[in-house]
Amino acid sequence: MPDPALDRAARLTLAIARDGPDCTWCRRPFTGHVTPTTDHLVPKVKGGPSWLENEVAACRRCNRERGHLSPTDWLAECERRGWRPDTDRVARVLDSLAGAIAARGGQRRARPYLAGQQRRLNHTNR
């Protein structure tokens, strides 16, 4: 299980190693002009922790434009824009976060938001 005390740079490096060198949302490869950032799937304002299990790599544009939209709402917006977001990656990371919360405890505010996002993803992927 990854150390929850890792700093942001370390978590970003691990997220790219886990998911690949492209933006989760727009799928642009990370290059000199497309800079990766950490994007919390469960936003901090909804109680989301700064854990690797709650973060995906996203380009600065997608991270900024997503703001506080939910992962499922932003996935729909990405598709509306003609992008091919990595829905499977989002589902895997949300499932990983659920497992991490079950193992570590806490995150009371994040749990209902996370469960709702998992339900919506499962419903739309059938």
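**Exercise 1. Find how much accessible surface the protein has, and what share of it belongs to carbon and sulfur atoms.**

Solution. The accessible surface of the protein comes to about 6,700 Å². Of this, 52% belongs to carbon and sulfur atoms. Keep in mind that the model is predicted. Next, turn to burial. The protein has 126 residues, and 46% of them count as buried.

**Exercise 2. Describe the secondary structure and its order along the sequence.**

Solution. Start with the count: five helices and two strands. Then read along the sequence. The pattern is α-β-β-α-α-α-α. Now take the overall dimensions. The radius of gyration is 14 Å, close to the 14 Å that the globule rule gives for 126 residues, so the protein is as compact as a globular protein of that length. Along its principal axes, the C-alpha trace spans about 40 × 35 × 25 Å.

**Exercise 3. State what share of the contacts with a separation of 6 or more joins residues 24 or more positions apart.**

Solution. The share is 68%. Two pairs give examples of residues apart in sequence. Leu12 and Ala57 are 45 residues apart along the chain, and their C-alpha atoms are separated by 6.4 Å. Thr38 and Glu55 are 17 residues apart in sequence, with 5.9 Å from C-alpha to C-alpha.

**Exercise 4. Count the positive and negative side chains, and say how far apart the centres of the two sets lie.**

Solution. There are 23 positive side chains and 14 negative ones. The centres of the two sets lie 4 Å apart.

**Exercise 5. Work out which elements build the largest nonpolar core.**

Solution. First, the size: this core has 28 residues. Second, its best-connected members: Cys23, Trp25 and Cys62 have the most contacts inside it. Third, the elements. Those giving two or more residues are strand S2 (55–59), H3, helix H4 (87–104) and helix H5 (110–124). H4 supplies the largest share, six residues.

Now look around Cys23. Leaving out residues up to four places away in sequence, Cys23 touches Arg28, Phe30, Ala57, Ala58, Cys59, Cys62 and Arg89.

**Exercise 6. List the buried residues of helix H3, then look just past the helix.**

Solution. H3 covers residues 71–80. Its buried residues are Pro71, Thr72, Trp74, Leu75, Glu77 and Cys78. To read such a list, recall the helix geometry. An α-helix has 3.6 residues a turn, so residues three or four places apart point the same way. Just after H3 comes Gly82, with a positive phi of about 90°.

**Exercise 7. Decide whether Leu12, Thr38 and Gly20 are buried or exposed.**

Solution. The cut-off for buried is under 20% relative accessible area.

- Leu12 lies in helix H1. Its relative accessibility is 16%, so it counts as buried. Beyond residues up to four places away, Leu12 touches Pro36, Thr37, Thr38 and Ala57.
- Thr38 is in strand S1. At 6% relative accessibility, Thr38 is therefore buried. Setting aside neighbours within four places in sequence, Thr38 is in contact with Arg8, Leu12, Glu55, Val56 and Asn63.
- Gly20 sits in the loop between H1 and S1. Its relative accessible area is 14%, so Gly20 is buried. Apart from residues up to four places away, Gly20 touches Ala15 and Phe30. The C-alpha atoms of Gly20 and Phe30 are 9.4 Å apart, and the two residues are ten apart in sequence.

**Exercise 8. Find the residues other than glycine that are noted here for a positive phi, and place them.**

Solution. Take Arg27 to begin. Its phi is about 70°, although it is not a glycine. Arg27 lies in the loop between helix H1 (8–19) and strand S1 (36–40). At 35% relative accessibility, Arg27 counts as partly exposed.

Then take Gln107. Its phi is near 60°. Gln107 is placed in the loop between H4 and H5. With a relative accessible area of 23%, Gln107 is partly exposed.

**Exercise 9. Say which residues Asp86 touches, not counting those up to four places away in sequence.**

Solution. Place Asp86 in the loop between H3 and H4. Check its burial: at 13% relative accessibility, Asp86 counts as buried. Then read its contacts. Asp86 touches Thr24 and Arg27. Arg27 itself belongs to the loop between H1 and S1.

Conventions
Residues numbered from 1 in each chain as written. Predicted model: local features only at pLDDT ≥ 70, side-chain atom pairs only at ≥ 80, totals over all residues. Heavy atoms only, no water. Helix = DSSP H or I, 4+ residues; strand = E, 2+ residues; numbered from the N terminus. Rg over C-alpha atoms; globule rule 2.2 N^0.38 Å. Buried < 20%, exposed > 50% of the residue type's maximum accessible area, 1.4 Å probe, protein only. Contact = heavy atoms within 4.5 Å. Areas by Shrake-Rupley, 256 points an atom, 1.4 Å probe, with all protein chains shown as cover. Lys, Arg positive; Asp, Glu negative; His and termini not counted. Charge placed at Lys NZ, Arg CZ, Asp CG, Glu CD. Core = buried A, V, L, I, M, F, W, Y, C linked by side-chain atoms within 4.5 Å.
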